[in-house]
Amino acid sequence: MGTGPGGGRLTIIGPETLAISPGDAELTANYIVNRLNVTWSVQVISDGVLTPADYTVTISETGPLSARLSVVLTPGVNIPAGTSLQLVIGAVRAGGGGGNSDTLNVTVSLPPGVVPCFVAGTLIRTARGEVPVEELMVGDLVLTGEGWPAPIRWIGERRLSGAELRAAPHLRPVTIRKDAFGPGAPYRDLRVSPQHRIALTGWRAELLFGAPAVLAHAVHLVDDAQVLHPPAPEDGVRYVHFCLQDHDLVWANGLSTESLLLGEVALASYDAASLAELAEIFPDLAHPDAGRSCLPCIGRREALCLLDG
């Protein structure tokens, strides 16, 4: 690239591998070209099991020959270990072709998140009464959203220290205050991981989404009034999750929430021993219908629309 601005074949120069560090939710990187008057673009060509709602990727001109790439993760997004975004950065001058355009492939590695969980101390409605989630056992009959008993097939947990939560603040619990969604819903404060989903019901759900109820991630319901995402607790957190034969609604502190959904995102977060155990218990995990949600799932914008309606 010795021709200087205005001469030679258009070339993009900048890092081709990037990584968002644990505890961070965004990164920026600078790119330059050797020709003036270019238009920049960026396209995500692969994002693993994530969806476009889980991140924002943009590139903007910062000077005659430079631009800045920005990658921002949605707060609370659950990211399986080994996930990366595959990007293509483009630059083109008017007319393109003939040395007036170039592309650069960029890989952005992402920090792993945590699967949907209840915080220890959460009371789960079972056939033998309200039981702290950490005291549940495989075989216990949990009452589903319609009141039918369903046996627990598997239980897992993860402990995060205060230091780990401060280093990865997107993993800290969300707090849903007492009566946030009506009297007794929940009947006392409920703490869950950011990606745990809450059932939202009512005529607006039917009108807007064609279903009597929908599921929304707890972090997408944060309004700093009834649903909070407070600083990391000094003593850390103990997350506990359990799954039934099928994904279903369960009652946690009187609020309708989900059991663990054995989808791709959750499975990618487990170690080899847990995966082997799950494969033995659920031999149909590889079936296309495995990991199907019991209700439609909505994003933050849809959740806010539903609650504000």
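Buried means under 20% relative accessible area, exposed over 50%, and partly exposed in between, with a 1.4 Å probe and protein chains only. This is a predicted model: local features need pLDDT of at least 70, side-chain atom pairs count only at pLDDT 80 or more, and totals for chains, interfaces and linings use all residues. Residues are numbered from 1 along each chain as its sequence is written, and side-chain values use heavy atoms, leaving out hydrogens and water.

**Exercise 1. Classify Thr74 and find its surroundings.**

Step 1. Thr74 counts as buried because its relative accessibility is 18%.
Step 2. Place Thr74 in the loop between β6 and β7 (84-92). Strands (E, at least two residues) are DSSP runs, numbered from the N terminus.
Step 3. List the contacts (heavy atoms within 4.5 Å). Leaving aside residues up to four places away in sequence, Thr74 touches Ala53, Asp54, Tyr55 and His220.
Step 4. Compare sequence with space. Glu26 is 48 residues from Thr74 in sequence, and their C-alpha atoms are 9.2 Å apart.

**Exercise 2. Look for a salt bridge at Asp54.**

Step 1. Asp54 sits in the loop between β4 (39-46) and β5.
Step 2. Apply the test: a salt bridge needs a side-chain nitrogen of Lys or Arg within 4 Å of a carboxyl oxygen of Asp or Glu. Lys and Arg count as positive, Asp and Glu as negative; His and the chain ends are not counted.
Step 3. Asp54 is buried but has no salt bridge. The nearest side chain of opposite charge is Arg197, 9.8 Å away.
Step 4. Beyond four places in sequence, Asp54 touches Leu73, Thr74 and Val77.

**Exercise 3. Work out the strand order of the open sheet of 4 strands.**

Step 1. Two strands pair if DSSP finds at least two bridges between them.
Step 2. The order is β1-β3-β6-β5, with antiparallel pairing.
Step 3. β1 (12-13) and β5 (55-63) are the edge strands, each pairing on one side only.
Step 4. β5 and β6 (residues 66-73) run antiparallel and are joined by 8 bridges. Tyr55 stands opposite Leu73 in β6.

**Exercise 4. Explain why Cys297 is not bonded to Cys294.**

Step 1. A disulfide is a pair of cysteine sulfur atoms within 2.5 Å.
Step 2. The closest cysteine sulfur to that of Cys297 is in Cys294, 7.8 Å away, so it is too far for a bond.
Step 3. The structure holds 0 disulfides.
Step 4. Check exposure. Cys294 counts as partly exposed at 30% relative accessibility. Cys297 is partly exposed too, with a relative accessible area of 39%.
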